[in-house]
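Reader: I would like to learn how to read a model like this one, feature by feature. Could you take me through it?

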Amino acid sequence: MDVGGAYGAGRAGAAFDPLIFAQKPQVITRAVCLFLSFIIWMCVSLKGYIEDEDKEYCIYNKDDTACSYGKEVAVLALLASIGLIAGEYLFEQMSSVKSRKHYVLGDLGGSAFIAFLFFTLFWYLASAWSKAETPKGNEGTTSATLTVIFTFFSIFSWGGCAFLAFQRFQMGVDPAFASTFEADPSGGGQGYTSYPDGTEAAYQEPPFGQQQQQRPMGDFQAPAY
């Protein structure tokens with residue numbers, strides 16, 4: 001079923017304009033999320049571990065869980081950002097109101113969940129980094145600090161995605177484009193009219209019967225030969 005004005009998008013099948021698509025707030029915020037997630041993943045993967053006495057340990061107070069958790073959240077956010085940008089392109093091509101609603105709810109729930117993950121990751125890394133000893137030669141300190149800062153920014157970027165999805169959900173469906181196949185609340189059309197009451201009074205007497213009743217019954221006369 002073709003719909004339009006559903007959850008902030010027009011009818012499906014409209015021409016795709018890359019410039020307008022790139023300027024959409026949803027695309028811009030997800031591009032920011034993608035950039036921050038990539039930087040966090042790179043910093044933790046390449047500069048999050050330091051070798052000391054032939055042993056490799058996490059720069060965040062030698063807590064390997066902090067580095068592992070940071071990489072996992074960053075990878076999840078990175079994949080989610082790519083998927084949501086692709087979903088944003090497909091969103092306006094969806095001709096079903098239910099499909100758009102499911103996408104908006106999934107975007108809302110997923111973005112809020114990832115924002116919560118970055119919130120917990122920020123406090124985890126910030127706490128571990130404040131207790132960590134300064135590495136020799138300040139090795140990896142810049143990357144560790146940038147990771148904490150970008151994790152903090154990611155809370156707001158993903159929170160912004162969730163807010164935009166919530167606004168879309170509040171828009172709902174424009175009544176002008178709602179389905180016209182729903183039942184008429186006023187009761188719809190009237191039923192078929194019944195046939196006339198089948199009583200004897202409704203029928204007319206047969207014409208031949210009337211003629212026979214009006215004709216006098218005289219005496220029989222024999223024909224003359």
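Author: We will go from the overall layout to helix packing, the core and some single residues.

Reader: Let's begin with the layout. How many helices and strands does the protein chain have?

Author: Keep in mind throughout that this is a predicted model. The protein chain has six helices and two strands. Read from the N terminus, the order of elements is α-α-β-β-α-α-α-α.

Reader: What share of the 225 residues is buried?

Author: Buried residues account for 32% of the 225 residues in the protein chain. Sequence separation is another thing to look at: among contacts with a separation of 6 or more, 78% join residues 24 or more positions apart.

Reader: Now the helix pairs. At what angle do the axes of H3 and H4 cross?

Author: The H3 and H4 axes cross at roughly 155 degrees and come within 10 Å. Angles over 145 degrees count as roughly antiparallel, so H3 is roughly antiparallel to H4. The crossing of H3 past H4 is left-handed.

Reader: Which residues make that contact?

Author: From H3 they include Tyr69, Val73, Ala77, Leu84 and Phe91, and from H4 they include Tyr103, Ile114, Phe118, Leu121 and Leu125. Sorted by class, the contact of H3 with H4 has 16 nonpolar, five polar and three charged residues.

Reader: And how do H2 and H5 cross?

Author: The axes of H2 and H5 come within 9 Å, with a crossing angle of roughly 155 degrees. By the cut-off we used above, H2 is therefore roughly antiparallel to H5. H2 passes H5 in a left-handed crossing. In this contact, 13 residues are nonpolar, eight are polar and three are charged.

Reader: Next, the core. What is the general idea there?

Author: In soluble globular proteins, nonpolar side chains tend to be buried together. Here, the largest nonpolar core has 35 residues, and the ones that touch the most other members are Ile40, Tyr60, Ile114, Phe118, Leu125 and Trp158.

Reader: Which elements give two or more residues to this core?

Author: They are helix H2 (25-47), strand E2 (55-58), helix H3 (64-91), helix H4 (97-131) and helix H5 (141-171). H4 supplies the largest share, ten residues.

Reader: Suppose I zoom in on Phe118. What is it in contact with, leaving aside neighbours within four places in sequence?

Author: Phe118 is in contact with Ser37, Ile40, Val73, Ala77, Thr151, Ser154, Ile155 and Trp158. Two of these partners, Ile40 and Trp158, appeared in the list of core residues that touch the most other members.

Reader: Let's try some single residues. Where is Val44, and is it buried or exposed?

Author: Val44 lies in helix H2. Its relative accessible area is 2%, and since buried means under 20%, Val44 is buried. Beyond residues up to four places away in sequence, Val44 touches Tyr49, Cys67, Lys71 and Thr147. As for distance in space, the C-alpha atoms of Val44 and Cys58 are 8.9 Å apart, with their positions 14 residues apart in sequence.

Reader: Why does Gln26 count as buried?

Author: The reasoning is the one we used for Val44: Gln26 has a relative accessible area of 11%, so it is buried. Gln26 is found in helix H2, and outside its neighbours within four places in sequence it is in contact with Glu88, Leu164 and Arg168.

Reader: What about a loop residue, such as Pro135? Buried or exposed?

Author: Pro135 sits in the loop between H4 and H5, and at 9% relative accessibility it counts as buried. Apart from neighbours within four places in sequence, Pro135 is in contact with Ile50, Ile59 and Thr141. Pro135 and Ile50 are 85 residues apart along the chain, with a C-alpha separation of 8.1 Å.

Reader: One last feature, the backbone angles. What phi does Asn61 have?

Author: Asn61 has a positive phi of about 60 degrees, although it is not a glycine. Lys62 is not a glycine either and has a positive phi of about 55 degrees. Asn61 is found in the loop between E2 and H3, and Lys62 is found there too.

Reader: How exposed are Asn61 and Lys62?

Author: Asn61 is partly exposed, with a relative accessible area of 36%. For Lys62 the value is 55%, and Lys62 is exposed.

Key
Residues numbered from 1 in each chain as written. Predicted model: local features only at pLDDT ≥ 70, side-chain atom pairs only at ≥ 80, totals over all residues. Heavy atoms only, no water. Core = buried A, V, L, I, M, F, W, Y, C linked by side-chain atoms within 4.5 Å. Buried < 20%, exposed > 50% of the residue type's maximum accessible area, 1.4 Å probe, protein only. Helix = DSSP H or I, 4+ residues; strand = E, 2+ residues; numbered from the N terminus. Contact = heavy atoms within 4.5 Å. Axes fitted to C-alpha atoms, helices over the stretch in contact; angles between N-to-C directions. Parallel < 35°, antiparallel > 145°, perpendicular 65-115°, else oblique. Left-handed = near helix turned anticlockwise from the far one by under 90°. Nonpolar A, V, L, I, M, F, W, Y, C, P; charged D, E, K, R; others polar.
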